[in-house]
Amino acid sequence: MTITSVDTNYEDLSVTLIADFDAPIDRVWELWSDPRKLERWWGPPSFPATVEKHDLSPGGEVTYLMTGPDGEIHHGLWRITAVGSPASLEFDDVFANADGTPNTDLPVNTVTVRLTERGSGTRMEMRSKFKSREDLEKWLATGTLEGQRQAVGQMDVLLAA
Amino acid sequence: MVVEQLSNGAVDDVFHALADPTRRDILRRCIAAEPSVSRLARAYPMSFAAVQKHVAVLERAGLVTKERRGREQLVHTDAAAVGRARQALDELEATWRGRVDRMSDLLAQDTERAKDRTTGGSG
């Protein structure tokens, strides 16, 4: 796998990443479309995800839990806005309340994924965009969570080495 | 939570990351000074409306603030907000780098398992 490019856009508040995988498109798509595969990469080892509901259709939802090292649980939700199996997916990733309803105090991030075949491999273009400046600020405020996850994730990598 | 104090070099990094050269220039002009939109518009070979649009993009992204003083709108680069944008986008990037690494590991594990099935086994 190669990360071919990463672009940060300060005007539309997005990160665009292009990765090239040595695997056929169906297998890369499965990482998104199979809930048992999705939950193995969505969260870092220290904050793993458990996928509950998984409906990749326009208007469908994916719900998941993230479980932290101290047992704290965070709920997340994808609202699927577009899907073109096996090549494209678009969804809003939002924090949710325990009952699965979106928590509107917490930020929204829009993710757009496009897979294309490249020889025997697959290119994945992923754009993750904050819906607004307010969402970015909220994410930063709660996102000591992300910062923590990253820090602990990096510790995992160091400990495994 | 500590937001890192943005050094001049780091502010420059953010500026270079802006795609539009006019917006980069507006951000620079508005760090130490607070020019009005009219004053800014005189600096560029484009209409007042075009400059207003550039300022609007920067304001929506939280990179500048506009303050009305009398009949003028003064524009100021919000260095702290620029720093917070950088921190958030850096964390978002790190999140996705981690995810892509794990996706790659999963694909490799599945390939290994498939190989074992076709080549190995005692039966």
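# Exercises on salt bridges, a helix and an interface

Counted over all chains, the rule used here gives 19 salt bridges, a salt bridge being a side-chain nitrogen of Lys or Arg within 4 Å of a carboxyl oxygen of Asp or Glu. The model is predicted, so local features need pLDDT of at least 70, side-chain atom pairs count only at pLDDT 80 or more, and totals for chains, interfaces and linings use all residues. Residues are numbered from 1 along each chain as its sequence is written, chains are lettered from A and ligands numbered from 1 in the order in which they are written, and side-chain values use heavy atoms, with hydrogens and water left out.

## Exercise 1: Getting to know chain A

Task: Describe the order of helices and strands in chain A, and say what share of its residues is buried.

Solution:

Step 1. Start with the elements. Chain A contains 4 helices and 8 strands, where helices (H or I, at least four residues) and strands (E, at least two) are DSSP runs numbered from the N terminus.

Step 2. Now read them in order. Beginning at the N terminus, the pattern in chain A is β-β-α-α-β-β-β-β-β-β-α-α.

Step 3. Turn to burial. Chain A has 161 residues, and 46% of them count as buried; buried means under 20% relative accessible area, exposed over 50%, and partly exposed in between (1.4 Å probe, protein chains only).

Step 4. Finish with contacts, meaning heavy atoms within 4.5 Å. If you take the contacts in chain A between residues at least 6 apart in sequence, 36% join residues at least 24 apart.

## Exercise 2: One residue in a strand

Task: Find where Thr112(A) sits and which residues Thr112(A) contacts beyond its neighbours within four places in sequence.

Solution:

Step 1. Look for Thr112(A) in strand β7 (residues 108-118) of chain A.

Step 2. Check the accessibility: Thr112(A) has a value of 19%, so this residue counts as buried.

Step 3. Set aside the neighbours within four places in sequence; Thr112(A) then contacts Leu89(A), Glu90(A), Glu125(A), Met126(A) and Arg127(A).

## Exercise 3: Three salt bridges within chains

Task: For Asp20(A) with Arg123(A), Glu137(A) with Arg133(A), and Glu34(B) with Arg69(B), say where the partners lie.

Solution:

Step 1. In the salt bridge of Asp20(A) and Arg123(A), the closest N and O atoms are 2.8 Å apart. Asp20(A) belongs to strand β2 (residues 14-21) and Arg123(A) to strand β8 (residues 121-130) of chain A, so distant parts of the chain, 103 residues apart, are linked. Both Asp20(A) and Arg123(A) are buried.

Step 2. Glu137(A) and Arg133(A) form a salt bridge with an N to O distance of 2.8 Å. They are separated by about one helical turn because they stand 4 residues apart in helix α3 (residues 133-142) of chain A. Glu137(A) is partly exposed at 23% relative accessible area, while Arg133(A) is buried at 6%.

Step 3. For Glu34(B) and Arg69(B), the N to O distance is 3.2 Å. Glu34(B) is in the loop between α2 (21-32) and α3 (37-43) of chain B and Arg69(B) is in strand β1 (residues 64-69), so the salt bridge ties together parts 35 residues apart in sequence. Glu34(B), at 33%, and Arg69(B), at 43%, are each partly exposed.

## Exercise 4: The two sides of a helix

Task: Work out where the buried residues of α3(A) point.

Solution:

Step 1. List the buried residues of α3(A): Arg133(A), Asp135(A), Leu136(A), Trp139(A) and Leu140(A).

Step 2. Look down the axis. The buried residues fall within an arc of 160°, so they line one face of α3(A); the arc is that of the directions from the helix axis to the C-beta atoms.

Step 3. Turn to the other side of α3(A), where Glu134(A) and Ala141(A) are exposed.

## Exercise 5: Where the chains meet

Task: Describe the interface of chain B and chain A, including its salt bridges.

Solution:

Step 1. Count the residues: 38 of chain B are in contact with 41 of chain A.

Step 2. Find the salt bridges. The rule gives 3 across this interface. Arg84(B) and Glu137(A) form a salt bridge, with 2.8 Å between the closest N and O atoms.

Step 3. Sort by element. On the side of chain B that touches chain A, α1 (8-17), α4 (48-60) and α5 (79-119) each give two or more residues, and α5(B) gives the most, with 26 residues.

Step 4. Look for a network: salt bridges link Glu30(A), Lys37(A), Asp110(B) and Arg113(B).
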